[in-house]
Amino acid sequence: MNAMLRRFSTDTQATLSSAVLWREAARTSRQWQTYAIRMGFSGAMISAMLAAVWVSVNAPGIDHANLAWLGRGLFIGMATIQFGMALMLAPLLSASALIEEAESGTLDMLVLTKLTPSQIATAKVFSRVLMLLTVAFGAMPIMAAVVTLGGVSAVEVVTVSVHTGLGIVIAGAMGGLFSLFTRSPLLAMFAAAAYAIPCYLILPVMYAGLILDPSGFSHLSPLGGPVATGWAALLPIPAFIPVLWMIWHIGTDLFALRTSRAHIRRAFSGEVWHTRKALVGAGIWAAVGFILVPSAGSFVWVLTAAKSTGYGLIAVSKILLWLWSTVGLWFATWMYLRLAVDIVDAIDRTFATPTRKKKSNPLKIWSNPVAWRESRPRAWGASAVPIQFTWLIGLLLLSQSTLWMIPGGLVALGFLNASAAVVLTLWLATWSIEAERRDQSLQVLLTTTMPAWKITIGKMLGIALPTLPLILLSLPMLALGTPYAHAVFGSEDHVINAFGMGIAAWAWVVPTW
């Protein structure tokens, strides 16, 4: 009987946990923003690939029989943009899930159920991660199409997709952890994205230097997909499994403290972080590295330089160095989390704590109250600023991939940026009216003495202000990219005429916007 009761209790807990996950997944999947992200991301990748292929094929002096350079460039650009977007969106969405649940007051209701805090936190975070995983792996066939151009192998396409999925899971878990110390999803996103500097860049570069193999960067970093040379590039999966376990273990303990309204000092105690054990382990790891790195590294350096046949010793040395680096990755993650939560908590407290009260001046409302309300950054900043920042980061990553150097690439970036501004305008317009109807404030506006045209102008102003920076950013891209494209294609148009054509193209976009 006791065994049956225990089994029933376990089944009930599993059913409740899956119920939370299915609830969150259903809510997320039914939102039109989810379909917009999927269609927009896939459409942008397809459009960029087709535009680059068309421009390159029609450019003069191009060897049409050898487009491997184009395939390689497109692959690196797509992989960089995909991982960069995942690195920003995953923590932003997972942090928003927990913060919105806490602010709406529904988190307390979940805690009162038979669900454990770990089940609630895991279901909330994984539901948002699952949405991004479908987007990332859904783009895999588009990246596979680049293989037909040459310069890219199927192994690289698979490893890039797997690395992107791994980055989404890690960033999403960290975003959920940092959201426990701040009410700003943007701050949690910054803290989770900064993790890439020590653990995705510095440590893998050091490991690649120890084994004298640049492709070794892909053995320890999810960013190394584009430089992968074999299936060994899937090694980041076992390397980051202990890291994910640690993030989950610490995150669920912190979530349990938060839901129980424990004092903030408990979140930094040694019981949660196991500080003594971690420091002792780090000392042992450093002592082992003091012996292992010179010995194993010398085997790799000497035998590789002498072009010796001792491939067995080289392979064993590389494996030992990889295992040692993997353990170091675990300790580096622990140290980063321990420092980052202090920094995030301090920043949140600094900006959340009110300063000395000053004598408040009466608010000066414009003659058009709707325009005054909608034009303030407080009205549109929470929804538009994260989108703007993520898009600008994507453009920065795209510029680093040198895709803009392809003939017509800068013009394509200008039109892509202008199209994104138009799409963002449509989304903000829809969201603004929907919010007014949901909050039942639209009926109040319609019953006032304010004329309808003032209401319309006020709403349009609140939609135009957050999208204006993207429109203005398109102007130099189109104005400078058009003369560059004309010069490369050998057009007889004068530079001034081509410059004017770029400005005219931007002027045509403005009324559409």
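Buried, in these notes, means under 20% relative accessible area. I am working with a predicted model, so every value below is computed from that prediction.

**Entry 1: the whole chain**

I began with the overall tally. Buried residues account for 44% of the 513 residues in the protein chain. For secondary structure I found 19 helices and zero strands. Then I looked up the contacts between residues at least 6 apart in sequence: 78% of them join residues at least 24 apart.

**Entry 2: α3 and its partners**

Next I turned to helix packing. Two packed helices are described by the angle between their axes and the distance between the axes. I looked up three partners of helix α3, which runs over residues 68-104.

*With α5.* Helix α5 covers residues 117-138, and its axis lies 9 Å from that of α3, at an angle of about 155°. The cut-off for roughly antiparallel is over 145 degrees, and α3 and α5 are therefore roughly antiparallel to each other. The crossing of α3 past α5 is right-handed. On the α3 side, I noted Gln82, Leu89, Ala90, Leu93, Ser94, Ala97, Leu98, Glu100 and Glu101 in the contact. From α5 come Lys124, Val125, Arg128, Met131, Leu132 and Ala136.

*With α7.* How are α3 and α7 oriented to each other? Helix α7 spans residues 154-178, and the two pack at an angle of about 20° with their axes 7 Å apart. They are therefore roughly parallel to each other. This crossing is right-handed. I listed the α3 residues that make the contact: Arg72, Phe75, Ala79, Gln82, Phe83, Ala86, Leu87, Ala90, Pro91, Ser94, Ala95 and Leu98. From α7 I picked out the glycines in the contact, among them Gly167, Gly172, Gly175 and Gly176.

*With α8.* Helix α8 takes in residues 185-193; its axis comes within 8 Å of that of α3, and the two cross at roughly 135°. That makes α3 and α8 oblique to each other. Here too I noted a right-handed crossing as α3 passes α8. Leu87, Met88, Pro91, Leu92, Ala95, Ser96 and Ile99 of α3 meet Pro185, Leu186, Ala188, Met189, Ala192 and Ala193 of α8.

Comparing my lists, I see Gln82 of α3 in the contact with α5 and again in the contact with α7. Leu87 of α3 appears in the contact with α7 and also in the one with α8.

**Entry 3: helix α19**

I checked the length of α19 against its residue count. Its 18 residues, 495-512, should span 26 Å at 1.5 Å a residue, and the end C-alpha atoms are 27 Å apart, which agrees. Which residues of α19 are buried? I found Ala498, Gly502, Trp506 and Val509. Looking down the axis of α19, these buried residues fall within an arc of 85°, so they line one face of the helix. On the other side of α19, I found Ile496, Trp508 and Pro511 exposed.

**Entry 4: a positive phi**

Most residues other than glycine have a negative phi. I therefore made a note of histidine 274, which has a positive phi of about 50° although it is not a glycine. Histidine 274 sits in the loop between α11 (270-273) and α12 (275-305). Its relative accessible area of 34% makes it partly exposed.

**Entry 5: three single residues**

*Alanine 340.* This residue belongs to helix α13, residues 311-352. Is alanine 340 buried or exposed? At 7% relative accessibility, it counts as buried. I also looked up its separation from phenylalanine 178: 162 residues in sequence, but 8.3 Å in space from C-alpha to C-alpha.

*Alanine 208.* Helix α9 (residues 196-210) holds alanine 208. Its relative accessible area is 11%, so I count alanine 208 as buried. Which residues does alanine 208 contact, leaving aside its neighbours within four places in sequence? They are Asp213, Pro214, Gly216 and Phe217. Leucine 220 is 12 residues away along the chain, and its C-alpha atom is separated from that of alanine 208 by 8.9 Å.

*Arginine 373.* I found arginine 373 in helix α14, residues 369-375. With a relative accessible area of 27%, arginine 373 is partly exposed. Glycine 458 is 85 residues from arginine 373 in sequence, and their C-alpha atoms are 8.0 Å apart in space.

Notes
Residues are numbered from 1 along each chain as its sequence is written. This is a predicted model: local features need pLDDT of at least 70, side-chain atom pairs count only at pLDDT 80 or more; totals for chains, interfaces and linings use all residues. Side-chain values use heavy atoms; hydrogens and water are left out. Helices (H or I, at least four residues) and strands (E, at least two) are DSSP runs, numbered from the N terminus. The expected span of a helix is 1.5 Å times one less than its number of residues. Buried means under 20% relative accessible area, exposed over 50%, partly exposed in between (1.4 Å probe, protein chains only). The arc is that of the directions from the helix axis to the C-beta atoms. Axes are lines fitted to C-alpha atoms, for helices over the stretch in contact, and angles run from 0 to 180 degrees between N-to-C directions. Angles under 35 degrees count as roughly parallel, over 145 as roughly antiparallel, 65 to 115 as roughly perpendicular and the rest as oblique. A crossing is left-handed if the near helix is turned anticlockwise from the far one by less than a right angle, and right-handed if clockwise. Contact means heavy atoms within 4.5 Å.
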